[in-house]
Amino acid sequence: MADILFYTFAAVAIGSALGVVMSRNPVGSLLFMVVTLASLAGIFVLLEAHFLAAVQVIVYAGAIMVLFLFVIMLLNLGHEYQRDIKGGVFAVLSFALVGTLAGFLARQLGAGAAAEVMSSAGGRSIDAAVSEFGAVGAIARPLFTTYVVPFEITGILLLVAIVGALVLAKRRVL
Amino acid sequence: MITPSLIVSALIFVVGTLGVLVRRNAIIMFLCIELQLNAVNLAFVALSRVWGIEAQVFVFFVMTVAAAEAAVGLAIIISIFRHYETVNVDNFNLLKW
């Protein structure tokens, strides 16, 4: 059952990722992206990362994608239907680069799968933490102890991003 | 389920790279960068079954950085659009040599 769900989610995710690249209409691309994010959230659930699946749906599919949609609507790009894919030498070079990248990743993954280093020690420790502290507590505990300084820096980063976005997008600030 | 997840992650990353390289619409290029970030997130979550909960903490940080990047990037696109009346990257040639 879990395998069938996994392969369904994986096929939907890859198919709609291709849709993001292929779609002529920016709004279409965006909706394909939402489908990709939702099926990735499904894969997260199957990998027992329930908190991240919820954050993926709420923050990514909910907030960031709405921000993109808002900008597309604001700039009135919703009815551009002509192809904007680059052609010529550049396209050939990009496909060559992407092919190289795919080959490299396939080789690395093949080596990893052959070595079978995939023990489930981390999985067992996560399951123990989830049953002791709950799905949110399991991730909150390292976040607020070991990684508390990066967490605070993240807060400063978000503040800087808010101020920067406002300064960039406003017509005349000072 | 870890190795298939890593394969899916690699495929989505490759598709995202292709999108960044071949599309001309700046907003679609941004969407494809988000696609790449999500592929990396999927790899992190899959490997958290091997290395423990820290991988999921990193996914949390990646999501925050992605949100900040989207906000600032879209603000840049808006201010460029105000100048050039387009989001086609071929027209942005002010810094071109």
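A residue is called buried here if 20 or more other C-beta atoms lie within 10 Å of its own. I begin with that cut-off because V45(B), with 26 C-beta neighbours inside 10 Å, counts as buried by it. The structure on the screen is a predicted model, and I shall use V45(B) as the way into it.

Where does V45(B) sit? It is found in helix α2 of chain B. Setting aside residues up to four places away in sequence, V45(B) touches residues of both chains: F44(A), L47(A), A49(A) and L52(A) from chain A, and A55(B), Q56(B) and V59(B) from chain B. A second residue of chain B, A70(B), lies 25 residues from V45(B) along the chain, and the two C-alpha atoms are separated by 22 Å.

Let me turn to the helix that carries V45(B). Helix α2(B) has 26 residues and reaches 37 Å from its first C-alpha to its last, close to the 38 Å expected at 1.5 Å a residue. It is mostly covered, with 20 of its 26 residues buried. Just after α2(B) comes G52(B), which takes a positive phi of about 105 degrees.

The next helix of chain B is α3(B). It has 31 residues, and its first and last C-alpha atoms are 44 Å apart, close to the 45 Å expected at 1.5 Å a residue. Its buried residues include A55(B), Q56(B) and V59(B), and also F60(B), M63(B), A70(B) and I77(B). What covers the buried residues of α3(B)? The cover includes α3, α5 and α6 of chain A, the last of these spanning residues 148–169, together with α2 of chain B.

Beyond α3(B), in the segment that comes after it, is E85(B). This residue has a positive phi of about 60 degrees although it is not a glycine. E85(B) is exposed, with 9 other C-beta atoms within 10 Å. Chain A offers a further case: E48(A), again not a glycine, has a positive phi of about 65 degrees. The place of E48(A) is in the loop between α2 and α3 of chain A. With 18 other C-beta atoms within 10 Å, E48(A) is partly exposed.

I now come to the interface as a whole. How many residues of each chain take part? On chain B there are 60, in contact with 65 residues of chain A. Helices α1 (2–22), α2 (26–51) and α3 (54–84) of chain B each supply at least two residues of the side that touches chain A. The largest share of that side, 21 residues, comes from α3(B). By class, the side of chain B that touches chain A has 43 nonpolar, twelve polar and five charged residues.

As an example from α1, consider L21(B), which is found in that helix of chain B. L21(B) is partly exposed, with 19 other C-beta atoms within 10 Å. Leaving aside its neighbours within four places in sequence, L21(B) is in contact with S94(A), L97(A) and V98(A). L21(B) and I77(B), 56 residues apart in sequence, are 18 Å apart in space, C-alpha to C-alpha.

On the side of chain A, I would draw attention to helix α5, residues 121–144. It has 24 residues, but its end C-alpha atoms are only 23 Å apart, short of the 34 Å that a straight helix would reach at 1.5 Å a residue. Where does α5(A) bend? There is a kink of about 115 degrees, centred on F133(A).

The buried residues of α5(A) are I126(A), A138(A) and I139(A). They pack against α3 of chain A, residues 50–74, together with α2 and α3 of chain B.

My last point is how α5(A) meets α3(B). Their axes come within 9 Å and cross at roughly 80 degrees, and that makes α5(A) roughly perpendicular to α3(B). Which residues make the contact? From α5(A) they are I139(A), P142(A) and L143(A), and from α3(B) they are E54(B), Q56(B), V57(B) and F60(B). These residues divide into five nonpolar, one polar and one charged.

To return to the starting residue: Q56(B), one of the residues in this helix contact, is also among those that V45(B) touches.

Key:
Residues numbered from 1 in each chain as written. Chains lettered and ligands numbered in written order. Predicted model: local features only at pLDDT ≥ 70, side-chain atom pairs only at ≥ 80, totals over all residues. Contact = placed C-beta atoms within 7 Å. Helix = DSSP H or I, 4+ residues; strand = E, 2+ residues; numbered from the N terminus. Nonpolar A, V, L, I, M, F, W, Y, C, P; charged D, E, K, R; others polar. Expected span 1.5 Å × (residues − 1). Bend = angle between axes of the 7 residues up to and from the residue. Buried ≥ 20, exposed ≤ 12 C-beta atoms within 10 Å, placed from the backbone. Axes fitted to C-alpha atoms, helices over the stretch in contact; angles between N-to-C directions. Parallel < 35°, antiparallel > 145°, perpendicular 65-115°, else oblique.
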